[in-house]
Amino acid sequence: MQAKFPLRPGSTLGLLGGGQLGRMFAQAAARMGYKVKVLEKGDCPASEVSAYHIDAAYTDKAAIEELRQTTAAVTTEFENVPAEVLSALAAGGACVTTPAAQAVAIAQDRIDEKTFLESVAGVPVAPHMALLSVEDADLASPDLFPAILKTARMGYDGKGQRSVNNTKELKAAFVELGNRVCILEKKLSLAKEVSVIVVRSLTGETVTYPLFENIHRNGILATTIFPARVSTKVSETVRGYAARIAEMLQYQGVLCIEFFVLADGSVAANEMAPRPHNSGHVTIEAAVTSQFEEQVRAMTGLPLGDTSPLCHGVMLNLLGDLWFDAHDNPVEPDWATLLKIEGVKLHLYGKAQARHARKMGHVTVLGATEAEALSRAQRAAAVLGLPEPV
Ligand code: ADP
Ligand code: MG
């Protein structure tokens, strides 16, 4: 559907994928008067809060065509939407997809991603090499070990990764990961992990958020502290890199890039997610404009919003494990005690079934100062039985 940009409130916006990121996008869009049409098989977190639901797989040609004909702009909430689907939607220029297929394709392949970051955007990354077959293991330089072997495609939340200390372990890990194309990365000694969110509009306007400081447990994001506790130099360097990456990709929409901060204050880019990111959920309450509102503004051709923090925030991820006791019997977290703590905001994604490691929701804890946000977050974590952030 050809339409005039900026798309006015009341227009219908397409959404590929119906998870929690789609849900929070749909909530931000609805607040601004847009109607969301979500494409996802079955009831899902986003369909509960969207005006329309196309109940089909995102590979269903008729469903894609319906989305193309009835919406002027489509966004994604799931990084593994096949890039061909995005190309089909955008065919003939009838429908704008944010992000575009090409940027999504780069972020879907860790080898293309590292090559782009290092060689095209000029952003430092960990020393690495590509492995196309098990024989390539013999070419690995001893300097790369200890290392992490990652499948080039479809990895997330620490899945598809193995730590390896030498060529022998590397060969075994390559086979164990299914003889798939992999990237071998030197294991860096990390002082901190941070992420940055950059938003680029249809007209090329670009904004970045202050950095997010991330703590992972079992390969899954556990806690985000915003703004990150890093030097101004680190923050400015990373935000500058992010703006350059978005520019080089001619990116449209919300892009998150994870960075490692090393002991000497240098940084290395790790990976990109071509969508809003779990670490950015804290912006819903702790920044003037949330990452989801920016996604709406970017795809409709509106001016981008102010990314300044309003206060300090700590995000605690709520995984399905919290819905089980030590004997694996179902329990309900103690929301009433949690919500007595000042500054606590609860987000649940409407998933009926709790499963271990499943992202069920998150809590954002606000404070006027870093110390206040952190001490409230420690109390919230204690109520939930989570490790206390420090
Ligand atoms: P995922 O897609 O699962 O998030 P990542 O590449 O982000 O995959 O890796 C998951 C985690 O593993 C990172 O957040 C970091 O803690 C650790 N990690 C990944 N690559 C390296 C590396 N080269 N050096 C040190 N730690 C790493
Ligand atoms: Mg990651």
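This is a short dialogue on reading a sheet, a helix and a metal site in a predicted model.

Q: Happy to start with the open sheet: what is the order of its five strands?

A: In general, strands of a sheet pair through backbone hydrogen bonds, either parallel or antiparallel. Here the order is E3-E2-E1-E4-E5, and the pairing is parallel. Strand E3 (52-54) and strand E5 (96-98) are the edge strands, each pairing on one side only. On average, neighbouring strands of this sheet are turned by 25° against each other, direction ignored.

Q: How many bridges join strand E4 to E5?

A: Three bridges join strand E4 (residues 73-76) to E5. To find one of them on screen, look for Val74, whose bridge partner in E5 is Thr97.

Q: Which strands does helix H2 lie across?

A: Helix H2 (residues 61-70) lies across E1, E2, E3 and E4, and runs at about 165° to E2.

Q: Which residues of helix H5 are buried?

A: A good rule to keep in mind: an α-helix has 3.6 residues a turn, so residues three or four places apart point the same way. In H5 (residues 110-120), the buried residues are Arg110, Ile111, Glu113, Lys114, Phe116 and Leu117.

Q: And what caps the N-terminal end of H5?

A: Asp109 does, with a side-chain oxygen 2.8 Å from the backbone nitrogen of Ile111. After H5 comes Gly122, with a positive phi near 70°.

Q: Which residues are the protein donors of the magnesium ion (ligand 2)?

A: Glu258 appears twice through OE and Glu271 once, at 2.0 to 2.7 Å from the ion. Glu258 lies in strand E14 and Glu271 in strand E15, so the pair ties together parts 13 residues apart in sequence. Glu258 is buried, at 14% relative accessible area.

Key:
Residues are numbered from 1 along each chain as its sequence is written. Chains are lettered from A and ligands numbered from 1 in the order in which they are written. This is a predicted model: local features need pLDDT of at least 70, side-chain atom pairs count only at pLDDT 80 or more; totals for chains, interfaces and linings use all residues. Side-chain values use heavy atoms; hydrogens and water are left out. Buried means under 20% relative accessible area, exposed over 50%, partly exposed in between (1.4 Å probe, protein chains only). Helices (H or I, at least four residues) and strands (E, at least two) are DSSP runs, numbered from the N terminus. A polar contact is a pair of N or O atoms within 3.5 Å; within protein, one must be able to donate a hydrogen and the other to accept it, and residues adjacent in sequence count only if both atoms are side-chain atoms. Donors are N, O and S atoms within 2.8 Å of the metal (3.2 Å for Na, K and Ca); water is not among the atoms, so sites may look incomplete. Two strands pair if DSSP finds at least two bridges between them. Axes are lines fitted to C-alpha atoms, for helices over the stretch in contact, and angles run from 0 to 180 degrees between N-to-C directions. Contact means heavy atoms within 4.5 Å.
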